[in-house]
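Got your viewer open? Let's take a walk through this one, a selection at a time.

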Amino acid sequence: MISSSDLKLRPFRIGDWLILPEINRIIHSSGKHNIGSRTMKVLVCLAQNQGQVVTKETLMETVWKDVVVTEDSLMKSISVLRKIFELPGEDGPKIDTIRSVGYILLSPIEYTQTHRLVEELKRRKPKKIALLIVLAGLVIFGFYIIKSSGTIDTGGLVNVTDDWGQERVPRFSPDGRQVMFAAGAGGNNNMDIYIKNLISEEVNQIDNPHNIETDPVWSPSGEKIAYFRNDGKQVWIILKSMVDSTEKKLITVHAIVNLSAMVWTPDGASIIYSDRLVGQRVFALHQVDIKTKKITQLTTPEARMIGDSSPRISPDGKTLAYIRSHRYNALYYHLIPGYGRLMIKTMDSDSSINLTKEPEQITGVCWADSDHLIYSYVHKNYAFRMASLHIKSGQKTTLHESSDIIRNLDYHLPTNRLIFETWNESYNLWKFSDLPQSTNFSSRLMNNHTSWNPSYHEKTNQLAYVSKETGFAEIWIRDLTSESSIQVTDFNGPIIRHPQWSPDGKQLVFEINNDRNDDVYLLDIKSKTADRIVEDRAEETYPIWSQDGLAIYYGSNESGEFQIRKMTLKDSLDVQLTTNGGIRAIPYQDVLYYSLPYSMGIWKLEGEKEEQVVESFIPNDIGNWEIVNDRIFYISRSRYAKPELYYLDIENGTQHHYQSFSYQVSYTFDGLTYDTASNSWLVTLMDRVRSDIKMITIDPTIFNPAIKSRASGYAFYQ
């Protein structure tokens with residue numbers, strides 16, 4: 001069997017495709033493709049066994065020997081390779097599936113040397129060379145407008161701002177030399193307008209610092225800007241001259257949505273903005289004439305929706321694009337108003353066209369040209385993507401992917417640069433001593449700002465937790481004796497939550513959310529395998545072991561509402577236990593304690609009797625209660641107050657105040673466990689909330705279907 005160290009990483013060819021394993025890149029006349037290192041190892045392993053079947057077991061052991069994954073990871077890698085190789089009208093490399101066995105690469109390979117690449121490029125047809133010259137000319141022309149004042153580094157992904165606090169809603173100046181944005185170290189309650197020169201990197205604050213200013217936009221000429229100002233009494237649209245710094249109040253608005261909500265018309269005569277009028281429940285788009293201040297309502301969303309936001313006008317001034325958001329209690333609800341649709345309407349028409357077949361969580365939109373939109377959205381596996389969309393054909397091309405939320409986009413056509421905001425909540429695991437009536441925070445347990453859902457195992461003195469340290473959420477195990485950590489899953493995309501130790505410390509049960517559906521998985525640490533153990537009938541969440549390690553309790557909405565279920569592992573017998581609801585359970589002695597998803601309190605199931613034992617416990621803290629030494633410890637708080645730690649004495653049923661937290665614990669996030677070795681509580685705290693502005697350069701050929709090149713390393717067709 002081939003081991004990972006035996007893989008030959010020298011360059012090779014598969015027909016017209018050049019494979020560069022050392023840098024994880026595939027090059028073809030159609031463009032270049034950057035792939036993951038493990039996907040490249042799959043291809044290399046198949047190539048080294050060309051014409052022969054490579055079993056799934058061999059590929060898994062070769063490529064994922066150091067981590068625990070399911071066959072889904074292998075299938076995903078095969079799918080990525082096939083998408084790259086399958087070009088319309090071309091006979092590319094073929095990877096065939098041998099059912100229940102493995103895969104085979106049928107196309108012959110030829111090993112080459114990297115220095116031959118230059119010679120091979122020289123031998124390309126004159127037509128292709130001419131095409132490259134034309135493209136080079138376009139790039140030179142695109143940057144000519146800033147040549148006299150200096151140059152801008154436009155390669156790859158670059159940070160325009162980094163860790164000031166909150167930097168939001170970036171917009172290019174018309175000449176592309178500057179970026180304007182709202183920022184404030186105090187978050188949304190202290191926002192001011194700033195402009196950064198992309199050449200000199202000088203940053204200047206340009207507005208009144210005594211109010212809250214957001215959503216700045218340039219006029220088409222660049223001589224004025226407009227933005228929202230909240231003076232504590234009203235929200236105004238402010239017009240400010242960039243020539244003499246004079247400003248005036250245009251009109252008042254009644255509410256501001258959480259997405260970029262204003263744009264100038266190309267003639268500079270009016271502004272289109274989103275507003276929710278008095279007496280209305282939904283946001284609609286309005287147009288205000290700057291001279292007459294006459295307001296015209298442009299859209300009329302249904303009353304059951306959140307409404308319309310993020311207006312953007314096409315470069316030719318004929319079409320208005322915007323996001324229409326639906327009300328939906330979904331992930332990131334506080335960041336993204338809800339599921340939405342990408343809408344367009346011509347400026348002289350009252351009717352709108354829906355460009356998305358199904359509702360998505362859309363977080364931003366802008367125009368690339370008059371035929372293409374660029375929009376950002378939550379991908380099905382909780383990655384966040386930006387894609388270009390050809391309006392007429394519906395062709396979608398992914399431009400960039402991130403584990404951070406992407407929103408508020410702006411594209412500068414002459415330089416092919418895309419600027420956007422990334423939003424991230426960072427969590428960490430903190431430890432505090434078990435000292436009643438006081439709070440003694442000793443330290444952060446980790447310093448990566450990406451850890452939550454701790455689960456402590458007493459016998460092994462190990463902590464299982466979820467971390468995004470390597471990009472996406474994965475399960476890690478930390479030895480609290482040696483303070484060393486290892487990653488034990490590699491699902492590379494789905495949200496992973498709530499790992500729980502088996503009593504013997506040899507297995508973990510946890511929850512995976514993929515394709516917006518929660519499933520229960522079991523991880524055997526020694527064999528490094530993870531398998532789904534509950535049949536995919538509904539949402540299955542918050543799994544936990546029975547005290548004897550023979551069964552799993554979990555919450556499921558199979559019956560239409562969440563109830564606690566129990567599945568015995570030996571015979572897979574699965575039964576519903578509760579009738580009054582239930583989403584998270586903790587078995588203790590002969591009693592099952594559980595909390596409900598949408599109502600207050602902690603309950604117990606003893607025999608067939610269901611009885612409430614704690615009233616002052618809110619659903620927001622479902623993951624913040626634990627049973628230790630015959631006591632149910634739980635966080636109790638009102639909606640806006642800081643949390644307090646209480647406990648219920650199980651033996652006599654009395655409740656007691658136990659611990660007063662500092663302000664830091666106001667944002668606990670599914671994480672409370674007890675470290676018996678050090679007599680300390682481990683809790684998930686929100687370290688910081690931040691948004692940064694980033695910029696990438698987009699290859700212009702993506703928007704031109706007549707040119708086959710896909711030169712951008714981020715771009716791939718789907």
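Here is a tour that begins with the whole chain and then moves through a helix, two sheets and some aromatic rings.

**The whole chain**

Start with everything in cartoon view, and keep in mind that this is a predicted model. The protein chain has 5 helices and 55 strands. Of its 718 residues, 55% count as buried. Switch on a surface and you are looking at about 32,500 Å² of exposed area, with carbon and sulfur atoms supplying 48% of it. Among the contacts with a separation of 6 or more, 45% are between residues 24 or more positions apart.

**Stop one: a helix under cover**

Now select residues 56–63, which is helix α2. Here 6 of the 8 residues are buried, so α2 is largely enclosed by the rest of the structure. Which ones are the buried residues of α2? Pick out Lys56, Thr58, Leu59, Met60, Thr62 and Val63. To see what covers them, add α1 (37–48), β5 (54–55), α3 (71–85) and β7 (102–105), which are included in that cover.

**Stop two: a sheet of four**

Next, go to residues 451–457, strand β33, and on to β36 at 484–487. These two belong to an open sheet of 4 strands, in the order β33-β34-β35-β36 and with antiparallel pairing. Both β33 and β36 stand at the edges with a single partner strand each, so one side of each has no neighbour in the sheet. Look along the sheet for its twist: neighbouring strands are turned by 25° against each other on average, direction ignored.

Zoom in on β35 (residues 474–479), which pairs with β36 in the antiparallel sense over 4 bridges. Show tryptophan 476 here and look across to β36, where glutamine 487 stands opposite.

**Stop three: another sheet**

Move along to β41 (540–545) and β44 (574–576), edge strands that each pair on one side only. They bound an open sheet of 4 strands, ordered β41-β42-β43-β44, and the pairing is antiparallel. The twist in this sheet averages 25° from one strand to the next.

For a detail, select β42 (residues 551–556) and β43 (residues 563–568): they run antiparallel and are joined by 6 bridges. Which residue of β43 is the bridge partner of alanine 551? Threonine 568 is the one to click.

**Stop four: rings meeting rings**

Time to turn on side chains. The structure holds 16 aromatic pairs. One of them is phenylalanine 617 with tyrosine 634, edge-to-face at 6.4 Å centre to centre and 80° between the planes. Phenylalanine 617 is in the loop between β48 (609–614) and β49 (625–628), while tyrosine 634 is in strand β50 (residues 631–636), 17 residues apart. Both phenylalanine 617 and tyrosine 634 are buried.

Then select tyrosine 647 and tyrosine 658. Their ring centres are 5.7 Å apart and their planes sit at 80°, so this pair is edge-to-face. Tyrosine 647 is in strand β51 (residues 644–649) and tyrosine 658 in strand β52 (residues 655–660), so the pair ties together parts 11 residues apart in sequence. Tyrosine 647 counts as buried at 11% relative accessibility, and tyrosine 658 is buried too, with a relative accessible area of 9%.

Widen the selection to Phe633, Tyr647, Tyr658, Tyr674 and Trp681, and you have a cluster linked by ring pairs. Finish by adding arginine 631, which lies over the face of tyrosine 647 at 4.2 Å from the ring centre.

Methods: Residues numbered from 1 in each chain as written. Predicted model: local features only at pLDDT ≥ 70, side-chain atom pairs only at ≥ 80, totals over all residues. Heavy atoms only, no water. Pairing = 2+ DSSP bridges. Axes fitted to C-alpha atoms, helices over the stretch in contact; angles between N-to-C directions. Phe/Tyr/Trp six-rings, centres within 6.5 Å; stacked < 30°, edge-to-face > 60°. Buried < 20%, exposed > 50% of the residue type's maximum accessible area, 1.4 Å probe, protein only. Lys NZ or Arg CZ within 6 Å of the ring centre and 35° of its normal. Contact = heavy atoms within 4.5 Å. Areas by Shrake-Rupley, 256 points an atom, 1.4 Å probe, with all protein chains shown as cover.
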